[in-house]
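Here's a quick tour of a model, written for someone who likes to check geometry for themselves. Keep the viewer open while you read.

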Amino acid sequence: MQVTILGSGSPIPDPERAGPSTLVRTSIGDLLFDCGRGVLMRAAAVASGAGAFQALFLTHLHSDHITDLNDVFTMRWVMSFSPNPLPVFGPSGTGGLLQATEAMLEPDIGYRLAHHDDLEWRPFAVVTEVGSGVIFDQGTVRVTAAPTDHAPAHPTVGYRIDDDGRSVVIAGDTVPCSGLDQICADADVLVHTVVRRDLIEQIGLPRLTDVLDYHSSVPDAARTAERNGVRTLILTHLVPPPVPGTEQEWLDQAAANFNGHVVLASDLLTVEV
Ligand SMILES: [Zn+2]
């Protein structure tokens, strides 16, 4: 398998970092996890795209993780030459999100159907709302979901992808919790969203300080990796974005709590699994 961080940013717009999104390339094709700002621009850089995704998996419905859902939904439709429904997995509420996305796009859908004679079908998604257990099983690829803890955003899920003896976990946004521990057991790679507690407390802005109680700090994520025997930890969704020259601080905070390999994400970072 191969993991590519399509977007390593957060809700805060950043010229260098797209919104949260991770591409996992497996033996049955590309699996997309979340679809934040700029996801299809970054996917294009690694020769992937809306038509190539075998499925989209949403960790939760916070806006920064779904910003470009409408783009994935539309491009899947207009760039396919036969009906090509988008399989979407996500927590409870995902079905309503897709219905609302389709409703939002209704004028565009009408324009394109009227304009392209060979486009005879509407865009559509096949939605599966998930909680825990194996939710996807194709060829040698199996995806397992587990509940995470990002309250008051609820429900939220993390995913583990197993393919031919290798494993990747997408934590999404969460504080340390038993659900995440279960899917992290002995994983090769853990992709974990993190915030810098020390910097956010220094900044002291209440709107920013609020995020501390429902995200993992860098040491939190490192301890989750260590506790579960993970081999490589990828830190992503970096809040606040690292000032150039301070990258080592992030790595050091993780290394103080984790004996495995730590990687600080940038957009298009790729790790072989
Ligand atoms: Zn979130």
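What follows walks through a metal site, a sheet, a group of aromatic rings and one loop residue. One thing up front: this is a predicted model.

**The zinc site**

Let's start with the metal. The zinc ion picks up four donors, namely His60 through NE2, His62 through ND1, His150 through NE2 and Asp173 through OD, at 2.2 to 2.3 Å. Along the chain, the spacing of these donor residues reads H-x1-H-x87-H-x22-D. His150 and Asp173 come from distant parts of the chain: His150 sits in the loop between β8 (141-147) and β9 (157-163), while Asp173 sits in the loop between β10 (166-170) and α6 (178-184), 23 residues away. Both of them, His150 and Asp173, are buried.

Why does the site count as irregular? The angles among the four donor atoms run from 88 to 160°, and a tetrahedral label needs all angles between 85 and 135 degrees, so the upper end of that range rules it out.

**The seven-stranded sheet**

Now for the sheet. It is an open one with mixed pairing, built from seven strands in the order β6-β5-β4-β3-β2-β1-β14. The edge positions go to β6 (125-129) and β14 (270-272); each has a single partner strand, so one side of each has no neighbour in the sheet. On average, neighbouring strands are turned by 20° against each other, direction ignored.

Zooming in on the pairings, β2 (residues 21-26) and β3 (residues 29-33) run antiparallel and are joined by five bridges. Across that pairing, Arg25 stands opposite Asp30 in β3. Helix α4 (residues 94-104) packs on the sheet, where it touches β5 (86-90) and β6, and its direction makes about 155° with that of β6.

On the other flank of β3, the pairing with β4 is parallel and spans four bridges. There, Phe33 stands opposite Phe57 in β4. Strand β4 is mostly covered, with four of its five residues buried.

**Rings around Phe57**

The structure holds six aromatic pairs. Two that involve Phe57 are set side by side here:

| Pair | Centre to centre | Angle between planes | Type |
|---|---|---|---|
| Phe57 and Phe136 | 5.7 Å | 75° | edge-to-face |
| Phe57 and Tyr159 | 5.4 Å | 65° | edge-to-face |

Both pairs reach across the sequence. Phe57 is in strand β4 (residues 53-57) and Phe136 in strand β7 (residues 133-138), 79 residues apart. With Tyr159 in strand β9, its pair with Phe57 ties together parts that are 102 residues apart in sequence.

Buried or exposed, how do these rings' residues come out? Phe57 and Phe136 are both buried, and Phe57 has a relative accessible area of 0%. Tyr159 is buried too, with a relative accessible area of 0%. Ring pairs also link Phe33, Phe57, Phe89, Phe136 and Tyr159 into a cluster.

**Thr148 in the β8-β9 loop**

Last stop: Thr148, which lies in the loop between β8 and β9. This threonine is buried, at 9% relative accessible area. Which residues does Thr148 touch, leaving out those up to four places away in sequence? The list includes Thr156, Val157, Gly158 and Ala171, as well as Asp173, and that Asp173 is one of the zinc donors. From Thr148 to Gly131, the C-alpha to C-alpha distance is 9.7 Å, with their positions 17 residues apart in sequence.

How values were computed. Residues numbered from 1 in each chain as written. Predicted model: local features only at pLDDT ≥ 70, side-chain atom pairs only at ≥ 80, totals over all residues. Heavy atoms only, no water. Donors = N, O, S within 2.8 Å, 3.2 Å for Na, K, Ca; no water. Tetrahedral: all angles 85-135°; square planar, octahedral: opposite > 155°, others 65-115°. Helix = DSSP H or I, 4+ residues; strand = E, 2+ residues; numbered from the N terminus. Buried < 20%, exposed > 50% of the residue type's maximum accessible area, 1.4 Å probe, protein only. Pairing = 2+ DSSP bridges. Axes fitted to C-alpha atoms, helices over the stretch in contact; angles between N-to-C directions. Contact = heavy atoms within 4.5 Å. Phe/Tyr/Trp six-rings, centres within 6.5 Å; stacked < 30°, edge-to-face > 60°.
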